[in-house]
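Colleague: I have a sequence and a model here, and I would like to know what stands behind the terms people use for it. Could you take me through them?

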Amino acid sequence: MKIDRDACWLKKKVDMFELKTYTLKAEGPIASTIREEMPRLFEGIKEVNNTGAINIELVDDVELGAEGFQIIKGSQMKIQATTTKGLLYGIFKLYELLQLNKPIERPIRSIPDQSFRMINHWDNMDGSIERGYAGKSIFYNDNLFRKDYNIVRQYARLLASVGINALSINNVNVHAIETRLILEESLPEVKMLNDIFASYGIKTFLSINFASPKKIGGLKTADPLDEEVVNFWKDIIAKLYRVIPDFGGFVVKADSEGEPGPFKYGRGHDDGANMFGRILKKYGGLCIWRCFVYDCIQDWRNRKIDRARAAYDNFLPLDGKFDDNVILQIKLGPLDFQVREPLSPLFGALRKTNHIIEFQLTQEYTGQQKAIYYQVPVWKEVLDFDTKYDYNPSIVKKLLKNNSPVKEHSGICAVGVVGMDNNWTHHKLMQSNLYAYGQLAWDNQLSSEEIASNWTTLTFSVSKEAHEKITEILTSSRETYALYNAPNGVGFMCKPNHHYGPDIDGYEYDRWGTYHFADREGIGNNRTVQGTKFVTQYSAARCDEYNNLKTCPDEFLLWFHHVNYDYVLQNKKTLIQDIYDNHFLGVERVKNYQETWESLEGVLDEESYRNVKGLLQEQYRVAVEWRDQINTYFYRKSGIPDQQGRKIYS
Ligand code: GCU
């Protein structure tokens with residue numbers, strides 16, 4: 001069945017007026033993609049042999065690197081790059097500039113800020129997606145490959161249009177059936193996907209199961225230093241590259257949440273990762289090793305263990321011990337994509353290991369594609385964050401590259417968001433996150449407002465007023481969500497397992513290491529030097545700032561400190577009053593979104609209008625739940641009434 005899917009921000013063709021011809025002096029799979037894309041993007045354009053209105057050409061310009069491009073508008077427009085991949089990015093940029101009505105007066109040279117711009121799919125072969133909320137997997141169904149290459153191509157073009165250059169196609173939790181993806185029986189289909197993505201300049205990776213030598217190789221061990229194990233992997237990898245010579249490599253979640261890893265054999269993460277690195281090196285492959293490693297069977301009674309410390313404790317001692325084709329992948333916060341978390345202290349501390357920062361496009365803890373949660377403010381917070389180490393540059397967006405020995409092996413990765421839903425992301429407005437992720441990873445200087453505005457222009461044909469309403473909803477949505485969620489950085493007050501909606505004590509007496517420690521006097525984690533000492537994992541300047549109650553930012557107060565409910569915040573309110581006020585305000589803001597959205601009836605296309613209207617009703621319902629449960633919980637615990645006398649259930 002051919003599904004007419006939403007073309008998102010590539011929907012409208014650009015009217016080319018006088019620019020009706022182009023020349024392309026390049027061959028190969030990506031050049032073929034460019035030939036296919038030109039008439040899809042630009043109305044009535046045709047390829048000619050000699051002098052076209054647009055000249056797309058390979059040039060020798062070392063500074064542009066392998067991905068940069070240049071657009072020059074003279075008597076003849078030129079798009080230049082050193083590779084066909086650069087040219088492809090160039091034509092998507094030209095499309096965007098024309099669509100956004102941005103003049104090209106001076107030559108535009110564009111080189112990506114981050115080298116790695118990756119998406120991790122958490123897709124399972126049964127068609128489900130771990131933490132996926134936009135329908136089934138576009139790659140698999142019923143334990144088989146879905147083989148809908150049309151959808152995969154459409155997805156690849158969306159990704160390439162915003163500069164995504166790598167992707168892994170299966171869940172990091174690798175179940176029995178996906179363990180077989182590395183076997184010869186699966187390779188023809190993996191190759192099909194690989195080649196589609198490669199034709200859009202995207203490298204394909206597989207997540208692998210560390211215990212594969214035992215699970216599918218008939219060995220008794222998966223010890224990375226065992227010769228038979230090494231030979232098992234050598235054989236697997238040789239066969240893989242024989243079929244797919246341009247394959248990207250492996251993503252590994254090891255010794256994490258029950259996934260097997262090197263600890264069982266008394267080996268370190270470096271032993272595990274380097275074993276893969278050494279074998280993959282011969283083929284130009286990479287091993288991406290995740291740092292999401294912590295004790296997931298913690299005793300909640302034990303106040304000495306602090307899960308937040310885990311990534312740093314596990315990986316910092318190994319800094320410099322990883323091979324140059326190994327990349328550590330680190331979640332942006334120390335826990336797990338909560339609405340507010342401080343930066344993972346590994347950033348800035350790691351100086352001798354390639355690393356990438358991990359974001360999460362799918363809204364696991366942030367509304368599951370039912371709430372509006374535009375993520376650029378979150379990402380900018382971390383990318384622009386100054387770790388305050390006494391070296392330069394100490395800002396995250398710069399140090400990713402600077403602190404990675406191989407600059408091309410640094411950058412950003414994000415957990416994917418798309419599924420079989422016709423609009424890809426379930427919530428129409430949340431297409432903006434996919435678009436924004438690519439845009440920001442390429443150009444770290446872009447602002448939240450600019451990206452939201454560009455996405456809105458590309459996606460909808462609306463008046464200036466309607467445009468402003470949409471962008472305002474987007475850019476304020478993260479703050480709105482944070483207002484009615486777990487307060488002041490404390491995190492995890494969501495329902496266990498599926499993580500949707502409030503359950504304040506849901507994780508409190510559990511094994512996952514995510515506690516808020518509320519009692520009748522106060523709430524929060526003592527991660528100071530008197531507490532779990534997590535704070536000491538930061539640079540001295542940041543440690544001092546967070547450790548001191550007076551300078552710790554309000555939004556992270558309960559992440560770092562345990563305080564009483566009548567503690568006065570920097571904003572001059574008591575903590576309890578701030579909790580009440582924020583939760584009332586959060587709900588009010590969602591109500592306002594509903595009203596604003598309903599004023600767009602008839603202005604927007606019917607499908608988008610209805611989609612968002614319906615989901616806003618659900619967002620409002622859940623926001624009210626959050627407000628009432630949180631306010632009631634803290635009122636009952638503290639006994640302190642709301643100064644404004646609003647309705648709190650006693
Ligand atoms: C979260 C998420 C899991 C996922 C894990 C990971 O804990 O809830 O579903 O597997 O992150 O990043 O590996």
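Modeller: Gladly. This is a predicted model, and a good place to begin is strand β15, residues 286-290: 5 of its 5 residues are buried, so the strand is largely enclosed by the rest of the structure.

Colleague: What makes a residue of β15 such as Cys287 count as buried?

Modeller: Buried means under 20% relative accessible area. Cys287 has a value of 0%, so it is called buried.

Colleague: Which way do the side chains of β15 point?

Modeller: Leu286, Ile288 and Arg290 point one way, and Cys287 and Trp289 point the other way; all are buried. In a regular strand, side chains alternate between the two faces of the sheet.

Colleague: How do you know that β14 and β15 are paired?

Modeller: Pairing calls for at least two bridges. Strand β14, residues 249-252, shares 4 bridges with β15, in the parallel sense, so the two count as a pair. Gly249 of β14 stands opposite Leu286 in β15.

Colleague: What makes the strands a closed barrel?

Modeller: The 8 strands run β9-β12-β13-β14-β15-β16-β17-β18 with parallel pairing, as a closed barrel. From one strand to the next the twist averages 25°. Strand β9 (residues 116-120) is joined to β18 (residues 411-415) by 5 bridges, and these two run parallel. With at least two bridges needed, those 5 make β9 and β18 a pair, so this pairing links the two ends of the list. One example is Met118, whose bridge partner in β18 is Cys413.

Colleague: What lies across β9 and β18?

Modeller: Helix α13 (residues 431-442) lies across β9, β17 (355-360) and β18, and runs at about 155° to β9.

Colleague: Why is Cys413 not in a disulfide?

Modeller: A disulfide needs two cysteine sulfur atoms within 2.5 Å. The closest cysteine sulfur to that of Cys413 is in Cys291, 12 Å away, so it is too far for a bond. The sulfur of Cys287 also has Cys291 as its closest, at 11 Å, again too far. The structure holds 0 disulfides. Like Cys287, Cys413 is buried, with a relative accessible area of 0%.

Colleague: Which residues lie nearest the centre of the largest pocket?

Modeller: Ala66, Glu67, Lys85, Asn165 and Lys203 do, out of 32 lining residues. The largest pocket has a volume of about 630 Å³, and α1 (29-41), α2 (84-99) and β13 (203-208) each supply at least two residues of its lining.

Notes:
Residues are numbered from 1 along each chain as its sequence is written. This is a predicted model: local features need pLDDT of at least 70, side-chain atom pairs count only at pLDDT 80 or more; totals for chains, interfaces and linings use all residues. Side-chain values use heavy atoms; hydrogens and water are left out. Axes are lines fitted to C-alpha atoms, for helices over the stretch in contact, and angles run from 0 to 180 degrees between N-to-C directions. Contact means heavy atoms within 4.5 Å. Buried means under 20% relative accessible area, exposed over 50%, partly exposed in between (1.4 Å probe, protein chains only). On a 1 Å grid over the protein atoms alone, a cavity is a set of points where a 1.4 Å probe fits but cannot get out, and a pocket is an open set with protein on both sides within 12 Å along at least five of seven lines; lining residues have an atom within 4 Å of a point. Grid points are joined across faces, edges and corners, and a volume is the space filled by probe spheres set on the points.
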